[in-house]
Amino acid sequence: MHDVMNLLSVVLLAPVILVRALLARVRHGHFCDRVACYGKHGVPFDLLAFAGPELGRNLPRLINLLRGDLALVGPRLRASLQDAGYAGSDEALRLSAAPGLVSLYAVRQRVGIAHEEELSMDREFLYTRSIHGDITLLTRALVAWVMVGGQHNFTPTSFTLLGVPLMNR
């Protein structure tokens with residue numbers, strides 16, 4: 001089921017991916033940048049991103065998704081096993097699942113509520129993982145993206161929810 005959904009998303013976005021790839025090639029001389037990352041069981045892979053800072057930079061991650069390097073929802077992406085600072089069972093737990101395009105930590109960080117350390121959020125995600133939880137996290141990621149766009153580490157000092165002013169301290 002996941003493979004069909006992943007393939008369908010790439011097919012539906014193919015025209016956008018093609019235009020963005022051509023833009024990267026014309027403006028930057030190459031299509032993709034590659035970053036060495038670690039996936040399930042610590043297997044290394046190249047995380048793909050279109051060259052340049054323009055919109056749609058992360059669309060090639062759908063290729064990583066199709067190849068099985070990434071999951072739609074999972075623990076946070078690891079660029080280095082040594083820098084992760086996890087030992088023993090913590091590292092084994094985190095490496096038991098493929099990193100996700102969407103992670104609990106990334107969603108909380110995007111809206112400015114990532115106060116817990118990354119490992120505790122990965123543990124929370126992995127120990128309580130379910131289809132319902134994945135769908136909820138994807139929905140929260142979409143809402144966060146709509147609220148703050150491409151900004152990261154956004155923590156508003158105040159905002160209004162249903163007409164009620166709220167302060168973030």
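In this predicted model, Arg57 and Asp33 join their side chains in a salt bridge, with 3.2 Å from N to O. Arg57 belongs to the loop between β2 and α2 and Asp33 to strand β1, so the contact ties together parts that are 24 residues apart in sequence. Arg57 counts as partly exposed because its relative accessibility is 29%, a value between the 20% limit for buried and the 50% limit for exposed. Asp33 is also partly exposed, at 24%.

The strand that carries Asp33 is one half of a hairpin. Strand β1 covers residues 32-38 and strand β2 residues 44-50, and the two pair in the antiparallel sense over seven bridges. Within this pairing, Val35 stands opposite Leu47 in β2. Five residues lie between the two strands of the hairpin, and His41 in the turn has a positive phi of about 65°. In a regular strand, side chains alternate between the two faces of the sheet.

The loop between β2 and α2 also holds Glu54, which is paired with Arg27 in helix α1, 27 residues apart; the pair links distant parts of the chain. The side chains of Arg27 and Glu54 meet in a salt bridge of 3.1 Å, N to O. The two partners differ in cover: Arg27 counts as exposed because its relative accessibility is 54%, whereas Glu54, at 18%, counts as buried. Arg20 joins Arg27 and Glu54 in a network of salt bridges.

A further salt bridge connects Arg67 and Asp69, at 2.9 Å from N to O. Arg67 is partly exposed at 47% relative accessibility, while Asp69 is buried, with a relative accessible area of 15%. In total the structure holds eight salt bridges.

Another contact of a charged side chain involves an aromatic ring. The charged end of Arg25 sits over the ring of Phe31, 5.7 Å from the ring centre. Pairs between aromatic rings, by contrast, number zero by the rule applied here, which asks for ring centres within 6.5 Å.

The surface also has a nonpolar patch, formed by Leu7, Val11, Ile63 and Leu66, with about 320 Å² of accessible area together. Helices α1 (2-28) and α2 (61-67) are the elements that each give two or more residues to this patch. One of the patch residues, Ile63, is found in helix α2. Ile63 counts as partly exposed because its relative accessibility is 34%, and this value also passes the patch cut-off of over 30%.

Note on methods: Residues numbered from 1 in each chain as written. Predicted model: local features only at pLDDT ≥ 70, side-chain atom pairs only at ≥ 80, totals over all residues. Heavy atoms only, no water. Patch = residues over 30% accessible without salt bridge, like charges linked within 9 Å, V, L, I, M, F, W, Y side chains within 5 Å. Areas by Shrake-Rupley, 256 points an atom, 1.4 Å probe, with all protein chains shown as cover. Salt bridge = Lys/Arg side-chain N within 4 Å of Asp/Glu carboxyl O. Helix = DSSP H or I, 4+ residues; strand = E, 2+ residues; numbered from the N terminus. Buried < 20%, exposed > 50% of the residue type's maximum accessible area, 1.4 Å probe, protein only. Phe/Tyr/Trp six-rings, centres within 6.5 Å; stacked < 30°, edge-to-face > 60°. Lys NZ or Arg CZ within 6 Å of the ring centre and 35° of its normal. Pairing = 2+ DSSP bridges.
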